[in-house]
Each structure stands twice: as C-alpha cells, then as structure tokens.
Amino acid sequence: LFSNSVADGLAFYRQQGATQLQNAEVTIAFVRRMNRLFDVLDAKRPMAGLRLDSENILVQCVFESVLS
C-alpha cells in the first residue's frame, strides 16, 4: 500500500485527469515518505538504517513531523 508503485499509479491517473485524484498531491507525497520510512526501518545492514550522521535521520524527522 505504501510503495512508490502506488504513488506512481496515483500520479499517473491524476495526470490522466481522474477527477477523484485532482487534489492527491499530499497523498502521493505521504505515500512516498512512508515508502522511504519502511525502506529505512527494513534495512538489512546497520549502515543502511537510522544513524545520527546519515541522511536517513531526515526521514525519521519528516515522519515525526507528519504525525504531530
């Protein structure tokens, strides 16, 4: 559900003129953020996970701001 493929599909149909998706920009952005968050949380190697000196810490900060 929260995958880039779903976000791409929403964006595609929105561009094709689907009236139900006319204001879906925020939903598309949210789905992409959730996809990235799950990728970080599902990291197989510690170097790919959350660390204070990695770009992934930005993903965590964005996610926390979405929930607040």
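This is a short chat about a predicted model of a protein and how its helices, core and surface are arranged.

Reader: Before I dig in, what kind of model is this, and how are residues numbered?
Author: It's a predicted model, where local features need pLDDT of at least 70 and side-chain atom pairs count only at pLDDT 80 or more, while totals for chains, interfaces and linings use all residues. Residues are numbered from 1 along each chain as its sequence is written, and side-chain values use heavy atoms, with hydrogens and water left out.

Reader: Cool. How many helices and strands are there?
Author: Three helices and zero strands, giving the pattern α-α-α along the sequence. Helices (H or I, at least four residues) and strands (E, at least two) are DSSP runs, numbered from the N terminus.

Reader: What does α1 look like?
Author: Helix α1 covers residues 4-15, so twelve residues, and spans 16 Å from its first C-alpha to its last, close to the 16 Å expected at 1.5 Å a residue. That expected span is 1.5 Å times one less than the number of residues.

Reader: And what happens just after α1?
Author: G17 takes a positive phi there, about 100 degrees.

Reader: Switching topic: which residues make up the largest nonpolar core?
Author: A7, A11, L21, A24, I28 and V31, six residues. Such a core is a set of buried Ala, Val, Leu, Ile, Met, Phe, Trp, Tyr and Cys residues joined through side-chain atoms within 4.5 Å. The elements giving two or more residues to this core are α1 and α2.

Reader: What does A7 touch?
Author: Leaving aside neighbours within four places in sequence, A7 is in contact (heavy atoms within 4.5 Å) with I28, V31 and R32.

Reader: How about N35, buried or exposed?
Author: N35 is buried, because its relative accessible area is 13%. Buried means under 20%, exposed over 50%, and partly exposed in between (1.4 Å probe, protein chains only). N35 lies in helix α2, residues 25-41, and touches F2, S3 and N4, not counting residues up to four places away in sequence.

Reader: Where does F2 sit, then?
Author: F2 is in the segment before α1, and F2 is partly exposed, with a relative accessible area of 30%.

Reader: Last one: how much of the whole protein is buried?
Author: Buried residues make up 22% of the 68 residues. The protein exposes about 5100 Å², with carbon and sulfur atoms supplying 58% of that; these areas come from the Shrake-Rupley method with a 1.4 Å probe, and for residues only the protein chains shown count as cover.
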